[in-house]
Amino acid sequence: MTDSDKAYNQLFAKRIKKLRLDRGLTQDQFVNYLNSKGLKISRTSLARYEAQLSTPTSPTLQKLSHIFGISTDSVSYTHLRAHETLRH
C-alpha cells in the first residue's frame, strides 16, 4: 500500500466516522440507518472502514454521497488522491 493509499484510507475512516458521530449514532444504529436508505452494509464493513482496514467500492461511495446529499469527493476525499497523483 502506498503512502497515498494510506492517507486516503485514514481520511475516509475519519470522514465516515464523523458522519456517524455527527448524528449521535452507534455503529449498529448507523448501519441500520444506511440499510433503511438502500445501502446494504454490515456492521463489520463499517467497523473495517473506520479502522482503516478497508475502503468501500465506488458504488458504495456513490450511495453514501446520495444518502448524505454531498459529493463523492466529500465522502471519500478523492480530491486528495487526485492531488497526490498529480504530484508524482
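Which residue forms a salt bridge with Asp28, and how far apart are the closest N and O atoms? Select Arg43 and Asp28 to see: Arg43 is the partner, and the closest N and O atoms are 3.4 Å apart. Keep in mind as you click around that this is a predicted model.

**Stop one: Arg43 and Asp28**

Colour by helix while you have this pair on screen. Arg43 sits in helix H3 and Asp28 in helix H2, which covers residues 27-36. The two are 15 residues apart, and the pair links distant parts of the chain. Now switch on a surface. Arg43 is partly exposed, because its relative accessibility is 41%. Asp28 gets the label partly exposed too, with its relative accessibility at 44%.

**Stop two: Glu50 and Arg20**

Next, select Glu50 and Arg20. They form a salt bridge, with 2.7 Å between the closest N and O atoms. Glu50 belongs to helix H3 (residues 43-50) and Arg20 to helix H1 (residues 3-21), so this pair ties together parts that are 30 residues apart in sequence. Are these two buried or exposed? Both Glu50 and Arg20 are buried.

**Stop three: Lys18 and Asp22**

Now pick Lys18 and Asp22. Their side chains meet in a salt bridge too, at 2.8 Å from N to O. Lys18 has 43% relative accessibility, so it counts as partly exposed. That finishes the charged pairs: the count for the structure is three salt bridges.

**Stop four: Phe12 and Tyr49**

Time to hide the charges and show the rings. How many aromatic pairs does a search of the whole structure find? It finds three. For one of them, select Phe12 and Tyr49: the ring centres are 5.8 Å apart and the planes stand at 80°, so the pair is edge-to-face. Phe12 is in helix H1 and Tyr49 in helix H3, 37 residues apart, so to speak a link between distant parts of the chain. Check the surface again here. Phe12 is buried, with a relative accessible area of 1%. Tyr49 counts as buried as well, at 9% relative accessibility.

**Stop five: Tyr33 and Phe68**

Move on to Tyr33 and Phe68. Why is this ring pair called tilted? The planes are at 35°, with the ring centres 6.3 Å apart, so the pair falls in the tilted class. Tyr33 is in helix H2 and Phe68 in helix H4, and the pair links parts of the chain 35 residues apart. The partners get opposite treatment from the surface: Tyr33 is partly exposed at 28% relative accessibility, whereas Phe68 is buried, with a relative accessible area of 12%. Add Phe30 to the selection before you leave. Ring pairs join Phe30, Tyr33 and Phe68 into a cluster.

**Last stop: Thr60**

Finish by centring the view on Thr60, in helix H4 (residues 58-68). At 15% relative accessibility, Thr60 counts as buried, because buried means under 20%. Which side chain makes a polar contact with the side chain of Thr60? Show Thr57: its side chain makes that contact, at 3.1 Å. Then display the neighbours of Thr60. Leaving aside residues up to four places away in sequence, Thr60 touches Leu39 and Tyr49. You have already met Tyr49 as the ring partner of Phe12.

Conventions: Residues are numbered from 1 along each chain as its sequence is written. This is a predicted model: local features need pLDDT of at least 70, side-chain atom pairs count only at pLDDT 80 or more; totals for chains, interfaces and linings use all residues. Side-chain values use heavy atoms; hydrogens and water are left out. A salt bridge is a side-chain nitrogen of Lys or Arg within 4 Å of a carboxyl oxygen of Asp or Glu. Buried means under 20% relative accessible area, exposed over 50%, partly exposed in between (1.4 Å probe, protein chains only). Helices (H or I, at least four residues) and strands (E, at least two) are DSSP runs, numbered from the N terminus. A polar contact is a pair of N or O atoms within 3.5 Å; within protein, one must be able to donate a hydrogen and the other to accept it, and residues adjacent in sequence count only if both atoms are side-chain atoms. Contact means heavy atoms within 4.5 Å. Rings of Phe, Tyr and Trp (its six-membered ring) pair if their centres lie within 6.5 Å; planes under 30 degrees apart count as stacked, over 60 as edge-to-face and the rest as tilted.
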